[in-house]
Amino acid sequence: MHADLAFRKSCENVVADKNPPMVVAYQGPMHAKLAVSRITKSYVTDKGLLPVIGGIDFGVGDGEFVAIVGPSGCGKTTLMNIIAGFDRPDEGQVLVDGVPRDGPNAKGIVISQQGSVFPWLTVQRNMMFGLSGDGDNEALADHYLELVGLKGFEKSYPHELSGGMLKRVELARALVVKPDILYMDEPLSALDALTNLRMRTELLRILAKERHTVLLITHDVEEALHMADRVLVLSSRPTMIQARFEVPYPHPRKLSSPELQTLKESILRELGL
Amino acid sequence: MDKLKKLLPPLAVVVLLVAVWWIVVVESESVIFPTPWQVATGTYELIEQGTLWGHIGASLFRVGTGFFLAISIGVPLGLLMGWVAGAFTTINPIVQILRPISPIAWIPLSILWFGVGDVSPIFLIFLSSVFPIVVQTTAGVHTIERQYLRAAENFGVKRLKLFLQVVIPAVLPQIIIGMRVSLGVAWLVVVAAEMIALRSGLGYLIIDSRNAGNRYDLVIAGMVIIGLTGLLLDGSMRRLERLKMVRWKYAR
C-alpha cells in the first residue's frame, strides 16, 4: 500500500517534470486545491446588519482557472478578501489543500485592481521583495521579468512604467514566489481596452507555462470566457452562486465563435441583461 | 537659457521693489531709514570686520542642531504614533496642546532652565520644529495605502522587513515634507531664539544693531541675509524631493 502510493507519487513527479503542464479540472471538494464551503458574511452598518455574502460553496481544482462574475457591488471583493485570508467569514470556511485557511500567506498571491507594486522600489527590488535570503534571487527575479517581457526594466521605478507594464511587474512578482494559487480581483479592469486584451493573451501564455490554479473575479464576462475553465455567476447582495458554466474550449479561444457567443448570452441573461 | 527665462520675472519683481524702496526713502528724506545702498555698504562693513560669517555660522549651528534634534526625536515619535494606535491616543493630545504655544512663550522658562548660552536658542528652535515633523510623519503612516500593507502581508514578510521596506519608504515623502516645514519654522524662529543669545547669530545682530546705535542698515542687512539663507536651506531640502525613491508621491 505504502510502496504503491510512493510509486505513484514519483510517477507524478516525473510527469510533472518532463511533460508540458496538463490542465486537469478536478471537481468536488475532495480533490479541490481550494474549497470554499458555506461562507456567509454580514457587515454592521448604521442601518443595522447588512448581509453581503449569503452562503457560497465551490471548489477549484489543481491547475484549474475559475472565474467569478457578478454585478458591481455584489460583494465580489469581500468574497475575495475572505478567500485570500484578509477577512474572516461569519460562517463557513476556506480550505486550501484541505487545510482551513488562517490568514494570508505566500502560497496564494492576490493581484488586485489598484495594483500593489511598491512605487519606492525599483522593478527588480519589487520582484525580490517576497523572496527570502537563500538562492540567487536576482537571477530568479530576472527570469520572471523576462517571462512577462520586461527584460531591461530591472532598474526602472514603477512611475516610469505604463499601466500595462505595471500589471506585468505585479504578475511577475507574484509568480516569482511560486504560489499555488493566484487570486485576481479585477486585475485588468483599470487598463484600457486594448491593453486589457493584450494582457489576457499574455496571462494565458504564462499560465500555459507555469500551470497555476487561478481564481479570477471580474465584472467582464468576455474576460472570464476568454480565460477561464469554469465561470460562476453571482447574484446581487446578499450574494450566492446563481449559475455555473463550464467553458470546455481549448485555447486560444475566439470570442466571436458561436459557442462562446451563446455562453456569453446565457451568462448575461443570468446577470439580468 | 530656459532657466534664465524662468529667473527673469522674479528678478524683475525684486529690482522693482528695491527701486520703490529707494525712491520712497529719498523722497521722504528719512534720516533713520536706510536706502538699499546704505544696506549694501553696511553689509560690506560687516564682511570687512569679519563678523558676518560668524553670525551666519552661529545661527546655522543653532538651527542645525535644533533641527537635527527635532528630526531624530520627531520622526521615530511620529512613526510610533502612526503605527501604534495606543501611542496615538496617549501622546497626540499632549502634542496638540503643546503645538500652538509660541516658542517665544518658552523664553522665560528656557532661560530659567538653560541660562543664556547656546542651549536656550537650540531648545527653542527644537521646540518650534519638532511638532511639524511629528504631525506630518504620523499623518504619513495613517495614509499609507492599504494595498501596499496587504501585499507585504501576502508575501509573509517579517515585521522588521515590513517596517524597513514598506512603512518607512511609504512615509518618506511625507517625512521630507515635514522636514521642509520644520526647517522653515526653525529658521523662522532664529531671531526670536537669538534674542537671548550671547553676542552671536543673525538674530543677535539685528537686536544689537537696533539697541547699540540705531543701525537700521544693519537691521535690514540681517533681515535680507536671513531671507536669502532661508531660501538656500529650502532649496537644499527641495533637492531631497527629487530622489527617485520618493518622487512617486509628488509626481501626481
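## Two chains at a glance

Of the 273 residues in chain A, 38% are buried. The model is predicted, so keep that in mind throughout. Chain A mixes its secondary structure, with 8 helices and 10 strands. Among its contacts between residues at least 6 apart in sequence, 69% link residues at least 24 apart.

Chain B is another story to read: 12 helices and 0 strands. Walk along its sequence and you get α-α-α-α-α-α-α-α-α-α-α-α. Buried residues come to 36% of the 252 in chain B. For contacts in chain B with a separation of 6 or more, residues 24 or more positions apart account for 74%. Along the principal axes, the C-alpha atoms of chain B fill a box of roughly 75 × 55 × 30 Å.

## How chain A splits up

The domain assignment cuts chain A into domain 1, made of 23-107 + 179-273, and domain 2, covering 115-178. Measuring tape aside, the C-alpha centres of domain 1 and domain 2 of chain A lie 25 Å apart. Across the boundary, 12 residues of domain 1 of chain A are in contact with 10 residues of domain 2 of chain A.

On the domain 1 side of that boundary in chain A, α6(A) gives the most, with 5 residues. By class, the side of domain 1 of chain A that touches domain 2 of chain A has 9 nonpolar residues, 1 polar and 2 charged.

## Strand β8 and its partners

Now for β8(A), which spans residues 213-218 and has 6 of its 6 residues buried. Both faces are covered: Thr213(A), Leu215(A) and Ile217(A) are buried on one side, and Val214(A), Leu216(A) and Thr218(A) are buried on the other.

Which strands pair with β8(A)? One is β3(A), residues 65-69, which runs parallel to β8(A) and is joined to it by 5 bridges. Within that pairing, Ala67(A) stands opposite Leu216(A). Another is β7(A), residues 181-185, again parallel and again with 5 bridges. Here Asp185(A) has Ile217(A) of β8(A) as its bridge partner. The helix α6(A), residues 193-210, also comes into this part of the chain: β7(A), α6(A) and β8(A) make a right-handed β-α-β unit. This is the α6(A) that gives 5 residues to the domain 1 side of the domain contact.

## Helix α4, inside and out

Over to α4(A), residues 137-147, where Ala141(A), Tyr144(A) and Leu145(A) are buried. These three sit on the same side of α4(A) because they cover an arc of only 105° around the axis. In general, an α-helix has 3.6 residues a turn, so residues three or four places apart point the same way.

What do the buried residues of α4(A) pack against? They pack against α3(A) (123-128) and α5(A) (163-176). Flip to the other side of α4(A) and you find Ala139(A) and Glu146(A), both exposed. Just after α4(A) comes Gly149(A), which takes a positive phi of about 80°.

## Backbone oddities

Chain A has a couple of cis peptide bonds to look up. From Arg237(A) to Pro238(A) the bond is cis, with omega near -10°. Pro238(A) has its place in the loop between β9(A) (230-234) and β10(A) (241-246). A cis bond also joins His251(A) and Pro252(A), with omega about -5°, and Pro252(A) lies in the loop between β10(A) and α8(A) (258-270).

Then there are positive phi values away from glycine. Asp97(A) has phi near 55° and lies in the loop between β4(A) (91-96) and β5(A) (99-100). Is Asp97(A) buried or exposed? It counts as exposed, because it has 12 C-beta neighbours inside 10 Å and the cut-off for exposed is 12 or fewer. In chain B, Glu29(B) has phi near 50° and is found in the loop between α1(B) (2-28) and α2(B) (36-49). With 6 other C-beta atoms within 10 Å, Glu29(B) is exposed too.

## Where the chains meet

How many residues does each chain bring to the contact? Chain B brings 19 and chain A brings 18. On the side of chain B that touches chain A, the elements giving two or more residues are α7(B) (146-154), α8(B) (159-188) and α12(B) (244-251). That side of chain B divides into 11 nonpolar, 4 polar and 4 charged residues.

Note on methods. Residues are numbered from 1 along each chain as its sequence is written. Chains are lettered from A and ligands numbered from 1 in the order in which they are written. This is a predicted model: local features need pLDDT of at least 70, side-chain atom pairs count only at pLDDT 80 or more; totals for chains, interfaces and linings use all residues. Two residues are in contact if their C-beta atoms, placed from the backbone, lie within 7 Å. Helices (H or I, at least four residues) and strands (E, at least two) are DSSP runs, numbered from the N terminus. Ala, Val, Leu, Ile, Met, Phe, Trp, Tyr, Cys and Pro count as nonpolar, Asp, Glu, Lys and Arg as charged, and the others, Gly among them, as polar. A residue is buried if 20 or more other C-beta atoms lie within 10 Å of its own, exposed if 12 or fewer, and partly exposed in between; C-beta atoms are placed from the backbone. Two strands pair if DSSP finds at least two bridges between them. A crossover is right-handed if, with the strands pointing away from the viewer, the path from the first strand over the helix to the second runs clockwise. Domain bounds come from an automatic or database domain assignment. The arc is that of the directions from the helix axis to the C-beta atoms.
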